[in-house]
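Visitor: I should like to learn how to read the features of a structure of this kind. Might we go through them in turn?

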Amino acid sequence: MRNIVLIGFMGTGKTTTGKMLANRLHRPFVDVDRKIEQQLELEISQIFEKHGEHFFRDVEKRMVAKVSRYTNTVIATGGGVVLSSANLKNLRMNGIIVLLTASLDVIYERTERRKTRPLLECEDKFNKIADLLAQRQDLYNEYDLKIDTSSLPPAEVVEQIILFLRQGGYLRGRG
Ligand code: S3P
């Protein structure tokens, strides 16, 4: 069975939705960032601080290549996974790509709550998010399903994904 891969900008709900979806479908869940943290025994912010973004992207690329070979798994990626076309190519090989989006205001509000994102650690966080969104908007363009999560609770996002999977014949039996 193909993987279900959640991509999207920071704060669009990839991890929360991914966990709920995996639960509903009785499938394993992996979060690429958490796997990187476990492998290096460092938090994402510490990896950026100690080794820099370039290093993080290399590790991320290897981890994406690894999890892309899984089957039947719900995979949540980091927001920057689209920066490498190799990542998307790998994830697509055996994955259905679900893009989650949210408005700038909502992303700002959601990412305010947790201070774990090194790229957003700056004075003017709102403008930083706006800049990054603009830089990346053309990169989030390969997906099978796109859901704007701005005003949807995670459970509703999960329902929409399941509906899509069912209609596409990707689910058999359970779910
Ligand atoms: C990043 C997003 C983060 C994490 C890292 C870089 C990005 O993941 O991978 O801080 O470049 O957008 P989340 O999207 O889960 O916050």
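Guide: Let us begin with a term: two residues are in contact if they have heavy atoms within 4.5 Å of each other. The model shown here is predicted.

Visitor: Which residues does Val32 touch, leaving aside those up to four places away in sequence?

Guide: Val32 touches Met63, Val64, Val67, Ile75, Ala76 and Thr77.

Visitor: Which residues have the most contacts inside the largest nonpolar core?

Guide: A nonpolar core is a set of buried nonpolar residues joined through side-chain atoms within 4.5 Å. The largest one here has 31 residues, and those with the most contacts inside it are Ile7, Phe9, Val32 and Ile36. Two or more residues each are given to this core by β1, α2, α3, α4, β4, α5 and α6. The largest share, 8 residues, comes from α3. A second, separate core of 17 residues includes Val74, Leu145, Val158 and Leu165.

Visitor: What is the order of the strands in the open sheet?

Guide: The open sheet has 5 strands in the order β2-β3-β1-β4-β5, with parallel pairing. Because β2 and β5 stand at the edges with a single partner strand each, one side of each is left without a neighbour in the sheet. Neighbouring strands are turned by 20 degrees against each other on average, direction ignored. Between β1 and β3 there are 3 bridges, and Leu6 has Ala76 as its bridge partner in β3. Between β4 and β5 there are 4 bridges, and Leu99 stands opposite Lys146 in β5.

Visitor: Which side chains of β5 are buried?

Guide: In a regular strand, side chains alternate between the two faces of the sheet. Along β5, Leu145 and Ile147 point to one face and are buried, whereas Lys146 and Asp148 point to the other and are not.

Visitor: Which strands do helices α2 and α7 lie across?

Guide: Helix α2 lies across β2 and β3, at about 70 degrees to β2. Helix α7 lies across β1, β4 and β5, and runs at about 160 degrees to β5.

Visitor: Why are the buried residues of α5 on the same side of the helix?

Guide: An α-helix has 3.6 residues a turn, so residues three or four places apart point the same way. In α5 the buried residues are Val106, Ile107 and Thr111. They cover an arc of only 120 degrees around the axis, which puts them on the same side of α5. These buried residues pack against α6, while the face turned away from them carries the exposed residues Asp105 and Arg113.

Conventions. Residues numbered from 1 in each chain as written. Predicted model: local features only at pLDDT ≥ 70, side-chain atom pairs only at ≥ 80, totals over all residues. Heavy atoms only, no water. Buried < 20%, exposed > 50% of the residue type's maximum accessible area, 1.4 Å probe, protein only. Pairing = 2+ DSSP bridges. Axes fitted to C-alpha atoms, helices over the stretch in contact; angles between N-to-C directions. Arc of directions from axis to C-beta.
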